[in-house]
Amino acid sequence: MRKAGILMPISALPSPYGIGTLGAAAREFADFLAAGGQRCWQLLPVGPTSYGDSPYQSFSSFAGNPYFIDLDTLAQEGLLEPREYRNLNWGEDPAAVDYGLLYQNRYKVLRKACKRLLEQDRPDFHQFCTDQAFWLEDYALFMALKDAHKGTSWQAWPEGLRLRQPEALDKAREKHGERIGFWKGVQYLFFHQWENWKTYVNERGISVLGDLPIYVSGDSADVWANQDQFQMDDQGRPTEVAGCPPDGFSADGQLWGNPLFDWEKMEEDGYAWWLRRIQFQFRLYDTLRIDHFRGFESYYAIPYGEDTARNGRWRPGPGIRFFRRVNEVLGEKDIIAEDLGFLTPEVHALLRESGYPGMKILEFAFDRRDGGNDYLPHTYPTHCVVYTGTHDNDTIQGWMASAPPQDVDFAKAYLRLTEGEGYHWGMMRSAWASPADLAVMQFQDLLGLGSEARMNTPSTLGSNWKWRTLPGTYHEALAHKLYEDMRVYQRLNRN
């Protein structure tokens, strides 16, 4: 079935309170997608963000982002008074997230809501804590300890807590019981709103496509609570970390710094931690994109403490054994492989054997440095997902303005782009017309925005993950135009 979708992060939705939430604007966007004939809403990861505000560096693979909890909904449920949040400073620019202000103000408000929640002694809250204890207990304790240690990394905590000695953990649970209760309450509120929102989206014939980073943050409950599953020494320090080698785009490569999995150890118990992680993601999403798929075939390991990625080495990943185990335990799941980057014949073979669709990026097709012929639409198989660009790429208009002139000329000639209708619309039409089963566009490109609306520029800090759309941008006329193209290119959701 030919389908189409839009990539729109929750954070980028409009709201008066500094960041997009799971409230009215999220339901209105689902209505827009349905009116536009779309079948899919793709998100960025929705976990709680840490330093740098990247959704790909989260405190947990399981927890939800507290910032996405809708405050108006909490007021409707009697957990907040409007005066407690409406007059706070949530930022001067409605088109950008001010994460500093969010951190200062959001938790003050949520503490009031959670205090009332816990005083109500709701049975459904207690049931949530019981059902999610396999991750929630460690996460809530981890966050309580971060609060108590003024946000420092767990690797700087006293030895007893750092190495999870039972006596130290018991004392911490007793001492920080109130903080632990707060963090459990926050997660209950997130998942309560998430389930209501997802039901609303699915009822309109729209599936939710999530994004799972292959790696987890070093400063996370995942690593702290499962140190034996990672390449760590006996003091809780990584021995090697993740990244990408130098290439034509970066002479130093990319030093991500994430701890690496101990795949041999994980295989001993049938990849139990990974299976729990993937199974949990399918509670959140209908379809899952696995980021950095090539890392399952082989991964780039950089000695801990290096300043660049120059001195890394390739090491073998778990390969098809891992995905066979996923299918064996969880059954066939709707998974998309992010198969971008440095690909070898072995990676291509793993993708074929897994059976997952890979990704095609239309902006890559015209890069003369990379010889991107595999990304030209006439070469696509049906079993793939096409993007004009992802969150890591410039917008279409930004790319047209900044790419080498010969690349832009090639794109104009190949795609028959005209300035009259807007280069963005012509490039999106080429993606919709392609053989790919699923075509996903960034919402910024529907609006024809330039580089100012780019979500992320890899290997940079300070300006990423901030873009937001303004109220009124997803309107009836735009939905109608989108609907007509879905009809023409046979990607229509008739729900």
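Visitor: Is Glu81 buried, partly exposed or exposed?
Guide: Welcome! This is a predicted model, and the relative accessible area computed for Glu81 is 38%. Buried means under 20% and exposed means over 50%. Because 38% falls in between, Glu81 counts as partly exposed.

Visitor: Where along the chain is Glu81 found?
Guide: Look at the two helices on either side, α2 (71–76) and α3 (99–120). Glu81 belongs to neither of them, but to the loop between α2 and α3.

Visitor: How far apart in space are Glu81 and Ala96?
Guide: Along the sequence, 15 residues separate Glu81 and Ala96. In space, going from C-alpha to C-alpha, the distance between them is 26 Å.

Visitor: In which order do the strands of the parallel open sheet stand?
Guide: Strands of a sheet pair through backbone hydrogen bonds, either parallel or antiparallel. In this open sheet there are 8 strands, and the pairing is parallel. Reading across, the order is β9-β6-β3-β2-β1-β12-β11-β10.

Visitor: Which strands stand at the edges of that sheet?
Guide: An edge strand here has a single partner strand, so one side of it is left without a neighbour in the sheet. The strands in that position are β9 (335–337) and β10 (358–361).

Visitor: By how many degrees are neighbouring strands of this sheet turned against each other on average?
Guide: Here the direction of the strands is ignored. The average turn between neighbours in this sheet is 25 degrees.

Visitor: Are the two faces of β11 buried or exposed?
Guide: In a regular strand the side chains alternate between the two faces of the sheet. In β11, Cys384 and Val386 are on one side, with Val385 and Tyr387 on the other. These residues all have the same status, and both faces are covered: they are buried.

Visitor: How many bridges join β11 to β12?
Guide: Strand β11 covers residues 384–387 and strand β12 covers residues 438–442, and the two run parallel. Within this pair, Val386 has Ala439 as its bridge partner, and Val385 stands opposite Leu438. The number of bridges joining β11 to β12 is 3.

Visitor: Which residue of β11 does Ile361 stand opposite?
Guide: This takes us to the pairing of β10 with β11, which run parallel and are joined by 4 bridges. Opposite Ile361, in β11, is Tyr387.

Visitor: What angle does the direction of α8 make with that of β3?
Guide: Helix α8 packs on the sheet. There it touches β2 (40–42) and β3 (207–212). The angle between the directions of α8 and β3 is about 125 degrees.

Visitor: How are α8 and α11 placed relative to each other?
Guide: Helix α8 (residues 177–203) packs against helix α11 (residues 272–284) with their axes 10 Å apart, at an angle of about 60 degrees. Angles under 35 degrees count as roughly parallel, and 65 to 115 as roughly perpendicular. An angle of about 60 degrees is in neither range, so α8 and α11 are oblique.

Visitor: How many residues of the contact of α8 with α11 are charged?
Guide: From α8 the contact uses Phe191, Trp194, Glu195 and Lys198, and from α11 it uses Phe280, Arg283 and Leu284. Of these residues, 4 are nonpolar and none are polar. The number of charged ones is 3.

Visitor: In which order do the strands of the antiparallel open sheet stand?
Guide: This sheet has 4 strands. At its edges are β5 and β8 (313–316), each with a single partner strand. The full order is β5-β4-β7-β8.

Visitor: Which residue in β7 is the bridge partner of Glu240?
Guide: Strand β4 (residues 240–244) and strand β7 (residues 298–303) run antiparallel and are joined by 3 bridges. The partner of Glu240 in β7 is Pro303.

Visitor: Which backbone oxygen does the side chain of Asn258 reach?
Guide: Asn258 lies in strand β5 (residues 254–259) and, with 4% relative accessibility, counts as buried. Among the residues it touches are Gln57, Tyr215 and Glu240. At 3.0 Å, its side chain reaches the backbone oxygen of Val216.

Visitor: What is phi of Gln490?
Guide: Most residues other than glycine have a negative phi, and most peptide bonds are trans. Gln490 lies in the segment after α18 (476–488) and counts as exposed at 61% relative accessibility. Its phi is positive, near 55 degrees.

Conventions:
Residues are numbered from 1 along each chain as its sequence is written. This is a predicted model: local features need pLDDT of at least 70, side-chain atom pairs count only at pLDDT 80 or more; totals for chains, interfaces and linings use all residues. Side-chain values use heavy atoms; hydrogens and water are left out. Buried means under 20% relative accessible area, exposed over 50%, partly exposed in between (1.4 Å probe, protein chains only). A polar contact is a pair of N or O atoms within 3.5 Å; within protein, one must be able to donate a hydrogen and the other to accept it, and residues adjacent in sequence count only if both atoms are side-chain atoms. Contact means heavy atoms within 4.5 Å. Axes are lines fitted to C-alpha atoms, for helices over the stretch in contact, and angles run from 0 to 180 degrees between N-to-C directions. Angles under 35 degrees count as roughly parallel, over 145 as roughly antiparallel, 65 to 115 as roughly perpendicular and the rest as oblique. Ala, Val, Leu, Ile, Met, Phe, Trp, Tyr, Cys and Pro count as nonpolar, Asp, Glu, Lys and Arg as charged, and the others, Gly among them, as polar. Two strands pair if DSSP finds at least two bridges between them. Lists of a residue's contacts leave out its neighbours within four places in sequence.
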